[in-house]
Amino acid sequence: MNRKITEHVHWVGVPDWDRRLFDELIPLPQGTSYNSYLVRGSTRAALIDTVDPPKFGKLWANLKALGVQNIDYIVANHCEQDHSGSIPMLLERFPQAKVATNAKCRDMLQDHLHIPNEKFLVLAEGQKLELGGLSLEFILAPWVHWPETQFTWLREEKVLFTCDFLGSHLATSSLFAERDEVLAGARRYYAEIMMPFRSSQPKYLDRIESLGPEFICTSHGPVHKKPFFIMDAYRQWSSDEVKNIVVLPWVSMHGSTEAMVCHLIEALVDRRIDVKPFKLSEADTGELASALVDAGTVVLGTSTALVGPHPQGLYAAALMGALRPKTKFISLIGSYGWGTKAPETVKALLSNLKAEMLEPVYIKGAPRAEDYKALDRLADTILEKHRGIGIA
Ligand code: FEO
């Protein structure tokens, strides 16, 4: 399978239709793809990023189908092995090729893949690889995702290669992204992969806009031929704006926490606040992550199991702490049997969110009338807080 994007750029990547888990963590309901791009000038050829090592055979077949006899540069925009992992196999077949990347990525590739130093060609910000009538310019983008991440810009054909940034986990037969096919998956991908680095992204969006690319070629999912919708979406997701939404992940062992969750849902709906509950024992964590992108408030509902939060509540708190959504307010509800340190543990796990902790409603045993009133007061407080920031 190979696809032409512009006169000199071909997609030579590989779809992974059946993969259902990434990093042994992230569900992939629509599979994914590992995108690799062949750029051929009049004198030299470059391959931009490679594929996950188990798929190398297909990448190799794609190159052979295009009659590729030689690769001069393997551009590594990012060190993570789903893009870099096939570099050693390519170097075996094209021993004269150089791995072109920035200094940080070179160091990390040596750590992860043990590629010898002499195989590298290190370029700095703004330096170019000349391919004959075409040039590939490096734009360093540290912490848009990882510390070594970079973009590569093919000015002559207005093609920007952004690796993971603006991508989506989606295996599709479409070469180019259609908004309706891609947007939900791109949001989910942003939530899982990009959201922790939200604060560094607006300046890179500005930089991309100033370049005016006609094609944005990511390392997962289809190519953006009309990049406006994905740029607009990232502008919104990475901004500080939130919506009048409460995300409510919950787990209940004997029904007390569940009764509290059900009551709070109704209290919030009565106050015209949108609620997105996730029963953690059955929820897709990608859906939960996606819901966190623009929620004004997150309330975790968890029972206590052996003094601490139920392991699924613990997992949800740890996940939210790691993903660092822009939610403005957080709280905790739930029930314990005979003793608990769940509130302290949850507060600690969520401490790196820049969010105000609202008074938890954490009770012993089954909820009584006064506990339901406390949940009503929590709903009142959330409404008041949402009004305070102009979203309710
Ligand atoms: Fe698709 Fe950060 O690797």
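In this predicted model, the buried residues of helix 9 are Gly286, Leu288, Ala289, Ser290, Ala291 and Leu292. Helix 9 covers residues 285-292, and with six of its eight residues buried it is mostly covered. Among the elements that cover these buried residues are strand 5 (26-27), helix 5 (179-194) and strand 17 (243-251), and the list also includes strand 18 (274-279), strand 19 (295-302) and helix 10 (311-323).

The chain as a whole is divided into two domains, domain 1 (3-238) and domain 2 (243-381). Their centres, taken over C-alpha atoms, are separated by 38 Å, and the contact between them takes 13 residues from domain 1 and 17 residues from domain 2.

An open sheet of five strands follows the order 12-13-14-15-16, and its pairing is mixed. Strand 12 (128-130) and strand 16 (215-218) each have a single partner strand and stand at the edges, so one side of each is left without a neighbour in the sheet. On average, and with direction ignored, neighbouring strands of this sheet are turned by 20° against each other. The table sets out the pairing at the two ends of the order.

| Strand pair | Sense | Bridges | Residues opposite each other |
|---|---|---|---|
| Strand 12 and strand 13 | antiparallel | three | leucine 129 and leucine 136 |
| Strand 15 and strand 16 | parallel | four | leucine 160 and isoleucine 216 |

How do the side chains of strand 16 point? Phe215 and Cys217 point one way from strand 16, whereas Ile216 and Thr218 point the other way, and all are buried. This can be read beside a general rule: in a regular strand the side chains alternate between the two faces of the sheet. Strand 16 is also one of the strands that helix 6 (residues 201-211) lies across, together with strand 13, strand 14 (150-154) and strand 15 (159-163), and helix 6 runs at about 155° to strand 13.

A separate place to look is lysine 119, which sits in the loop between helix 4 (103-113) and strand 11 (120-122). Which side chain of opposite charge is nearest to lysine 119? That side chain belongs to glutamate 118, which is 6.6 Å away, and lysine 119 is buried yet has no salt bridge. The cut-off for a salt bridge is 4 Å between a side-chain nitrogen of Lys or Arg and a carboxyl oxygen of Asp or Glu. When its neighbours within four places in sequence are left aside, lysine 119 is in contact with Leu91, Pro95, Ala97, Lys98 and Val99.

Note on methods. Residues numbered from 1 in each chain as written. Predicted model: local features only at pLDDT ≥ 70, side-chain atom pairs only at ≥ 80, totals over all residues. Heavy atoms only, no water. Pairing = 2+ DSSP bridges. Helix = DSSP H or I, 4+ residues; strand = E, 2+ residues; numbered from the N terminus. Axes fitted to C-alpha atoms, helices over the stretch in contact; angles between N-to-C directions. Contact = heavy atoms within 4.5 Å. Buried < 20%, exposed > 50% of the residue type's maximum accessible area, 1.4 Å probe, protein only. Lys, Arg positive; Asp, Glu negative; His and termini not counted. Domains from an automatic or database assignment.
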